[in-house]
Structure formats: C-alpha cells, structure tokens
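Me: Pick one part of this model and give me a close look at it, please. Start with how strands pair there, then work outwards from that spot.

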Amino acid sequence: MKKILVTGGLGFIGSHICVSLIEKNYSICIIDSLINSSEDNLLSIKKICNLSNNFLEDRITFFKGDIKNKRFLKHIFKKAIDDKKPIEAVIHLAGLKSVNESTEEPLTYWETNVVGTLNLLEAMQIYNCKNIVFSSSATIYRPTINELLTENSDLGPISPYGTTKLTIEKMLEDLAKSKKNDLNIINLRYFNPVGAHISGLLGENPKGKPNNLFPILLKVASGEYKKLSIFGADWPTHDGTCIRDYIHVMDLAEAHISALNFILNSSSVFINLNIGTGIGKSVLEVVETFMKVNKCEFEYSFVSRRQGDSPYLVADNRLALSTLNWKPQKSLNDMCIDAWKWKITSKNKFK
Ligand code: UFG
C-alpha cells in the first residue's frame, strides 16, 4: 500500500481527496494547520470510508502542523522512513487561498504559500521523495474575454494569491529542469471547485466570513443571510454576470488520483493541466439552477463589480482529459444538490 502525504488534507478540497485516496487503497498521512479547516473532517473521512479502528493506523494518520515549520516537515518524512513506510508522493494543497485577503496581506501569502512550499520541497529532497501533485489555480492566467484558457494561454495573475501560485509553479519548473533531482511534477490548475461529498458529511465550511459564491449562496438559501449580492450586471457576457467553470469537488478529487497514478508510473515529468469541465456558467445561471434543483427561493440583487474579478474564466480541459484518462462526471445540478445537502446536514450537526 503506497503512502501519500496530503498537505492541507483536512480542508475543503483536501478532505475530499483523502476520501478518494482511501477508496483507491492508498495509505495517507495528513498534515494540516487547522487555520481554515477542522478536525471534524478527519472523523467524517473515517466515517465515509468506513474504516474500522483496527486498521486505521495503517490507512490514515494526521499531524497538526504548519508547512512554515521546516523541522515539523522533516520529522514527518523521517518518521515515515523509520516506520518503514516512506512517503512515495505528496499532494500539496496547504496554503492560503483568499484572493481578497491576499491583496491586504501579501507578505503573509508569500510566506505561507511560497516559503511553505520551499520548506516542503527541501524536506522532499532530503528524504528522497520524488513525486508531487501541486494545487495550482486558474488565477495565474491573464484574464480574457470569451476565450477558453489553454495551458499555453498568457499568464498574468492580478492578485498576490495568483502570483504566489505562479511563483510556486516556476520553482517547481526549475526543479524539474535540474536533471539531478529527477522529479515527477504535475501542477493542477483548478478552476472553480464547488459542491460536496454525496454523503452530506463533507463540504466547504470556511472559517470567518465567506468570500466565494457557493458558501455565500448556502447562507442565503438557509436564511442566515438576507440576500445574495451579485457583483456586476454589466459584464460583457450573455446575461451581464461573470462566467466561471464550476467543477464538482469529487471530480477534482478524482483528477488528483489520476495525476498521482500518472506520476507514480513515470519518470521525470513536468506537466501543467487545467482542471475544469470546459463549460462556463454565469452567476445568474448558477442562482437559477440552485433554486430549481433544490426547490427553494431567495432574494438577490445586483451591486457594483467586485475588484479583481474577470468576466470569463473557463478551461480548455482537453490536455487533462487525454493525459489523465479522466473526465468530469458531475453537472451543475449535482454541484447544487450536493452543496445543499451538505449545508442541511452540517446545520443539523452543529445545532
Ligand atoms: N460572486 C457574486 N457574489 C458573491 C460572491 C461571488 O456575484 O457574493 C461572483 C463573483 O463575482 C464571480 C463568481 O461569483 O463572478 C465566482 O466567484 P468566487 O468568489 O466563488 O470565485 P472566483 O472565480 O473569484 O475565484 C475562485 C477561487 C480562487 C480560484 C479561482 C480560480 O476563490 O481561489 O476561483 O478561477 F483561484
């Protein structure tokens, strides 16, 4: 059974990836600082995967800690070797991810995302771990209008968050070029991951005030917020609202499994892949779909554009499809249904 380190493994995306990894018979070691996640997710992962206590130690271990802490990272790799179960690959998700916050706290973003990744790569080098799947983002592209983004589209992030993701990609590219390291690297450039695990036990639950559409939508639909503010009705799109490529978080998780299988069976690869559905949906289309499939209604109004938004961000995902032998399976309907189920389940749980 191969052991995989998942940094940020208790966050929204990480926890769903952990479920897929366990289902595919990997053994996982999770590290997470818990600054934007919760240990409850560990219990949910175990529950979904139906892991009986006897076998738990073998399948899933969790260490609370921060990637800014070099000693902590080295300890994780060393312990795995001492236990004779070395870490064979890393899925690296740990990092800060609010576009907005990054414009206010750029140094914090550089320290956590860039320095944290540097620490991780150093530890990997010391302990001879040669495989990494990195969680990158579509925000590294220069915004376009009505043009699908390929992996060769112009780069040009417009937020410090995007710049840190691009910087990490460059760091990984330099490592890949240095022959002596012989690494396998895949950068997965996520578009807009939403939805939740079908069980309703895992989903997106950001700490503090949410900034992203789905967590806000869930609060409006459940009555916690009075109405949804749609940022801009005058964008150059068919209905005037921004278009995004929403992808179900379980499809995204499966893309990681495919990427992992790919690098574990390769030598010296460096690949950038867009992970989206290739289908663009406007904010209004998301709102209408959500109301229809979940048979609910809520108020919304149009307000001025949000700074830093771009009108259109949709993936040309053909390279990912052909490289990974992977295909997104879930529709916007599924994303809305599963997200709502998660909201209802978690609301009852925390009552
Ligand atoms: N939106 C609203 N009202 C809200 C919140 C969002 O109208 O209250 C709109 C935004 O203007 C945007 C769309 O909903 O048009 C999606 O916004 P999100 O904040 O959910 O997502 P973004 O596209 O801004 O960014 C997300 C992630 C980034 C990631 C990026 C990749 O937050 O981390 O997708 O495309 F990098």
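Reply: Strand 9 (residues 243–244) is joined to strand 12 by 2 bridges, and the two run antiparallel. A quick note on the bookkeeping: two strands count as paired if DSSP finds at least two bridges between them, while the helices (H or I, at least four residues) and strands (E, at least two) are DSSP runs numbered from the N terminus. Before going further, you should know that this is a predicted model, where local features need pLDDT of at least 70, side-chain atom pairs count only at pLDDT 80 or more, and totals for chains, interfaces and linings use all residues. Residues are numbered from 1 along each chain as its sequence is written, and side-chain values use heavy atoms, with hydrogens and water left out.

Back to that pairing: Arg 244 stands opposite Lys 281 in strand 12. The sheet they belong to is open, has 3 strands in the order 12-9-14, and mixes its pairing. Strand 12 (281–282) and strand 14 (312–313) are the edges, each with a single partner strand, so each has one side left without a neighbour in the sheet. As a reminder, strands of a sheet pair through backbone hydrogen bonds, either parallel or antiparallel.

Arg 244 also takes us to the ligand. There are 23 residues around the ligand, and Arg 244 is among those that come nearest, along with Ser 137, Asn 212, Leu 213 and Asp 309; the cut-off for being near is a heavy atom within 4 Å. By class, that shell has 13 nonpolar, 6 polar and 4 charged residues. The classes go like this: Ala, Val, Leu, Ile, Met, Phe, Trp, Tyr, Cys and Pro are nonpolar, Asp, Glu, Lys and Arg are charged, and the others, Gly among them, are polar. Strand 8 gives the most to the shell, with 4 residues. Helix 8 (213–221) and strand 8 (227–231) each supply at least two residues of it.

Now the polar contacts, meaning pairs of N or O atoms within 3.5 Å (within protein, one must be able to donate a hydrogen and the other to accept it, and residues adjacent in sequence count only if both atoms are side-chain atoms). In the side chain of Asn 212, an N or O atom sits 2.7 Å from an oxygen atom of the ligand. Asn 192 has a polar side-chain atom 3.0 Å from an oxygen atom of the ligand. For Leu 213, a polar backbone atom is the one involved, 2.8 Å from an oxygen atom of the ligand. Taken alone, the ligand exposes 690 Å², and the protein buries 91% of that; these areas come from the Shrake-Rupley method with a 1.4 Å probe, and for residues, only the protein chains shown count as cover.

Ser 137, one of the residues that come nearest to the ligand, leads to another set of strands. Strand 5 (residues 131–137) is joined to strand 4 by 3 bridges and they run parallel, with Ile 91 opposite Val 133 in strand 5. Strand 4 also runs parallel to strand 1 (residues 3–7), with 5 bridges joining them, and there Leu 5 stands opposite Val 90 in strand 4. Of the 6 residues of strand 4, 5 are buried, so the strand is largely enclosed by the rest of the structure. Here buried means under 20% relative accessible area, exposed means over 50%, and partly exposed is in between (1.4 Å probe, protein chains only).

Strand 1 pairs with strand 2 too, in the parallel sense over 5 bridges, and Lys 3 stands opposite Ser 27 in strand 2. For strand 2, 6 of the 6 residues are buried, so strand 2 is also largely enclosed by the rest of the structure. Ser 27, Cys 29 and Ile 31 point one way, Ile 28, Ile 30 and Asp 32 the other. In a regular strand the side chains alternate between the two faces of the sheet.

Past strand 2 (27–32), the loop leading to helix 2 (40–48) holds Leu 34, whose phi is positive, near 65°, in a residue other than glycine. Leu 34 counts as buried because its relative accessibility is 13%.

Last, Cys 29: the closest cysteine sulfur to that of Cys 129 is the one in Cys 29, and at 11 Å it is too far for a bond. With a disulfide taken as a pair of cysteine sulfur atoms within 2.5 Å, the count comes to 0 disulfides. Cys 129 counts as buried, at 3% relative accessibility.
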